Amino acid sequence: MRYRALGIVVFVTVIISGLFVAFGLFRGIEVTLNDRLFTPQVPDARILIVGIDDASLAALGQWPLPRKTIAEGLTRILEGEPTAVGVDIIFAEPSRVDNEDDAALSALLSTSSIPIILPIEALALTLKENVVPHAESTLNTLPIFNGPHVRFGHINLINDRDGIVRRYPPVIEHKGTVIPSFTDQITAISRTGTTERIVWSGRPGTVPHISFNEILDPNFDTRLFKNAYVFLGATAANLHDTQTTPVSAGTPMAGVEIQAQIANMLLSEATLT
């Protein structure tokens, strides 16, 4: 009778374990444990965010800002001689102002000798185990904004079943073309895996933020950008470019800071073990 009871326990254990594996429940436990074992890290001092925040919108007008204004901000950043600048804004349609507005940004991008990375968003992304994610279509920046030192990278992130962002795809395939990630392009560090866990620096606001409106002030010292990796993007709460992360602590993280924290992971060669 004892052996029979033991056999039943073993049988039930095997069945339950099989169900956990089949439905990915063990993975859910694993990622939750990893979330709780998170240890904050000091971010690389070369990584800076220029945020189009509430103060910027209050001073400069409603979103989207004119392309000429974006160009003015980029000019200030480039004056500081950064290593690279990532602009987390997709200029997919002509300016709502006029053609001259687009021309102002185009002229800057065509003459910059410093790498400027612009985003691509992969749409209808297909994720399969051990297969490079495939995009059915992409949302692209207008060709007028290309330039000799302009590079493009995808900004896609991966939401787990609980809606939390923990991973990103280093590359995405679209119609036979491999699109590297936004952060790979900024850091010039290439990854080739299908998906990769993000090693977080810390909670939202961990990466130093500078208001976009602040850098337009003629008295702002652009030497702060010397040899920096600068991320320019929306951080204003009402623009809703945020995601929940394992380190959010109730505060969603701006998409541009997620990209900056991935860059920090790449530069520091941090991995989850």
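In this predicted model, Arg167 has Arg197 as its bridge partner, and Arg197 belongs to β10. The strand facing β10 here is β7, residues 165-168, and two bridges tie β7 and β10 together in an antiparallel run. Zooming out a little, β7 and β10 are part of an open sheet of three strands, laid out in the order β6-β7-β10 with antiparallel pairing. The edges of this sheet are taken by β6 (158-159) and β10 (196-197); each has a single partner strand, so one side of each goes without a neighbour in the sheet.

Next come a few backbone oddities. One of them is a cis peptide bond, running from Trp63 to Pro64, with omega near 0°. As for where this happens, Pro64 sits in the loop that links α3 (54-60) with α4 (67-79).

Then there is the matter of positive phi angles. Ala124 is not a glycine, yet its phi is positive, at about 50°. This residue is part of strand β3, which covers residues 116-128. Ala124 has a relative accessible area of 51%, and since the cut-off for exposed is over 50%, Ala124 counts as exposed.

Ala249 tells a similar story: here too phi is positive, about 50°, in a residue that is not a glycine. Ala249 is found in a loop, the one between β13 (242-243) and β14 (253-254). With a relative accessibility of 54%, Ala249 is exposed as well.

Conventions:
Residues are numbered from 1 along each chain as its sequence is written. This is a predicted model: local features need pLDDT of at least 70, side-chain atom pairs count only at pLDDT 80 or more; totals for chains, interfaces and linings use all residues. Side-chain values use heavy atoms; hydrogens and water are left out. Two strands pair if DSSP finds at least two bridges between them. Helices (H or I, at least four residues) and strands (E, at least two) are DSSP runs, numbered from the N terminus. Buried means under 20% relative accessible area, exposed over 50%, partly exposed in between (1.4 Å probe, protein chains only).
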